[in-house]
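Q: Could you take a close look at the sheet in this one and walk me through how it is put together? I'd like the strands, and then whatever sits against them.

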Amino acid sequence: MIIVISGTPGVGKTVVSSLLSKRLSMSYLHVSNFVIDRKLYKNYDTVRSSYEIDDELVAKELNAYLKSLKNVVVETVYPSLVDYADKVIVLRRDPRELYKELNKRAWNVNKVIENVEAEILGYVSQEASEWFREVCEINTTNLTPEEVVEKILAEECEKIIDWLADPEIQEFMLSLDKIIN
């Protein structure tokens, strides 16, 4: 069984994936570490403090590796790197809370805003929905990682989370645009 846990940075993927894999006695694969360990990146972007990956090469290597595993929880920001999954979970978080979390990481302002805007627009969720037939979204805001794992196990998915439907989030996004412009 392959379970993909995805979402923008800061939504709780690492903790939830780790807890879920332990709870189900499954292997755990952190795709970013896989990429770095195998040097599947083009270069390092110092402005964004992240690696630029070769999507096709990563997908090829990753899917070949996944074929050798029986039961694994795969954590990734990019769900479309995985060819097949039995379950796909996209973790979401209120963008205002996400903004606070990413700022605690001392990331540069552009990287924080880029990731918060990706969450507001549902970028990862949209990619997952285009790539897989069924996607479960879970709003992690105000939930403990254990509660998120329980929702996954109970298959308690949210309807599509649309942050832009909230006028306060719309205002928040406008304020982010003013910061970077």
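A: Here is a walk through the sheet, strand by strand, followed by the helices that pack on it. Keep in mind that this is a predicted model. The sheet is an open one, built from five strands in the order E2-E5-E1-E6-E7, with parallel pairing. At its edges stand E2 (27–30) and E7 (136–139); each has a single partner strand, so one side of each is left without a neighbour in the sheet. Going from one strand to the next, the twist averages 20°.

Now zoom in on one pair. E1 (residues 2–6) and E5 (residues 72–76) run parallel and are joined by five bridges. Within that pair, isoleucine 2 of the one strand sits opposite valine 72 in E5.

Next, the helices. H3 (residues 55–66) packs on the sheet and touches E1, E2 and E5. The direction of H3 makes about 175° with that of E2. Then there's H7 (residues 145–153), which lies across E1, E6 (87–92) and E7. Against E7, H7 runs at about 155°.

While you're looking around, check two loops as well. Most residues other than glycine have a negative phi. Lysine 39 isn't a glycine, yet its phi is positive, about 55°. You'll find lysine 39 in the loop between helix H2 (31–37) and strand E3 (41–45), and it is exposed, with a relative accessible area of 60%. Alanine 106 is also not a glycine and has a positive phi, about 60°. Alanine 106 sits in the loop between helix H4 (95–104) and helix H5 (109–121), and counts as exposed at 67% relative accessibility.

Definitions and conventions
Residues are numbered from 1 along each chain as its sequence is written. This is a predicted model: local features need pLDDT of at least 70, side-chain atom pairs count only at pLDDT 80 or more; totals for chains, interfaces and linings use all residues. Side-chain values use heavy atoms; hydrogens and water are left out. Helices (H or I, at least four residues) and strands (E, at least two) are DSSP runs, numbered from the N terminus. Buried means under 20% relative accessible area, exposed over 50%, partly exposed in between (1.4 Å probe, protein chains only). Two strands pair if DSSP finds at least two bridges between them. Axes are lines fitted to C-alpha atoms, for helices over the stretch in contact, and angles run from 0 to 180 degrees between N-to-C directions. Contact means heavy atoms within 4.5 Å.
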